[in-house]
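Please look through the structure below together with the text that follows it. The explanation goes from single residues to salt bridges, a helix, a surface patch and a pocket.

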Amino acid sequence: MRRAEAAHARQDEREWAVERRARTRQLIELGGLVQKAGLVDLLKDDRAALYGGLLELAYQLQEDQDGRLPDLWRRRGRRAFQADAPEAAHGPS
């Protein structure tokens, strides 16, 4: 019985660790997007200004009655990713 309980506890711990790693990866990727967009340099690493800008985006989304903003932003983001793709494929010049 103790072995079963210990095995169950290890499984719970593993699931927790996997979830934590997935969450950490997500946060790192999101931070990378902030960097990739140039916001860190443009705002001179001013985290209050960056947070305020993100809050403004959230406000705009809440006020977006017709839901067009995410589509607009998605198209811009895809174009930017595509523009970066040749550079990534060939490496820095």
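Aspartate 45 counts as partly exposed, because its relative accessibility is 43% and the partly exposed class lies between under 20% for buried and over 50% for exposed. The model is a predicted one, and this value, like those below, is computed from it. Aspartate 45 forms a salt bridge with arginine 47, and the closest N and O atoms of the two are 3.5 Å apart. Arginine 47 has a relative accessibility of 61%, so arginine 47 counts as exposed.

How many salt bridges does the structure hold? There are five, and the pair just described is one of the salt bridges. Another joins arginine 25 to glutamate 29, with 3.0 Å between the closest N and O atoms. Both of these residues lie in helix α1, where they are four residues apart, or about one turn of the helix. Arginine 25 counts as exposed because its relative accessibility is 56%. Glutamate 29 has a relative accessible area of 43%, so glutamate 29 is partly exposed.

A further salt bridge is formed by lysine 36 and aspartate 84, and here too the closest N and O atoms are 3.0 Å apart. This pair links distant parts of the chain: lysine 36 is in helix α1 and aspartate 84 is in helix α4, with their positions 48 residues apart in the numbering. Aspartate 84 has a relative accessibility of 29% and therefore counts as partly exposed.

Helix α1 has come up in two of these pairs, and its length can be checked. It covers residues 2–36, which makes 35 residues. What span should α1 have at 1.5 Å a residue? The expected span is 51 Å, because the rule takes 1.5 Å times one less than the number of residues. In the model the end C-alpha atoms of α1 are 50 Å apart, which agrees with that expectation. After α1 comes glycine 38, whose phi is positive, near 85°.

Helix α1 also takes part in a feature of the surface. Leu27, Leu30, Leu33 and Phe81 make a nonpolar surface patch of about 380 Å². Which element gives the most to the nonpolar patch? It is α1, with three residues. Leucine 30, one of the patch residues, lies in helix α1. Its relative accessibility is 44%, so leucine 30 counts as partly exposed.

The next residue to find is alanine 80, which is placed in helix α4, residues 69–90. Alanine 80 is partly exposed because its relative accessible area is 38%. Between alanine 80 and alanine 6 there are 49 Å in space, C-alpha to C-alpha, and the two are 74 residues apart in sequence.

The last feature is a pocket. The largest pocket has a volume of about 860 Å³. Its lining consists of 18 residues, and those that lie nearest its centre are Leu33, Val34, Ala37, Leu39 and Leu57. Elements giving two or more residues to this lining are α1, α3 (47–63) and α4. Which of the elements gives the most to the lining of the largest pocket? Helix α4 does, with eight residues. Leu33 thus appears twice in this account: in the nonpolar patch and in the pocket lining.

How values were computed:
Residues numbered from 1 in each chain as written. Predicted model: local features only at pLDDT ≥ 70, side-chain atom pairs only at ≥ 80, totals over all residues. Heavy atoms only, no water. Patch = residues over 30% accessible without salt bridge, like charges linked within 9 Å, V, L, I, M, F, W, Y side chains within 5 Å. Areas by Shrake-Rupley, 256 points an atom, 1.4 Å probe, with all protein chains shown as cover. Salt bridge = Lys/Arg side-chain N within 4 Å of Asp/Glu carboxyl O. Buried < 20%, exposed > 50% of the residue type's maximum accessible area, 1.4 Å probe, protein only. 1 Å grid on protein atoms, 1.4 Å probe; cavity = no way out; pocket = protein on both sides within 12 Å on 5 of 7 lines; lining within 4 Å. Points joined across faces, edges and corners; volume = space filled by probe spheres on them.
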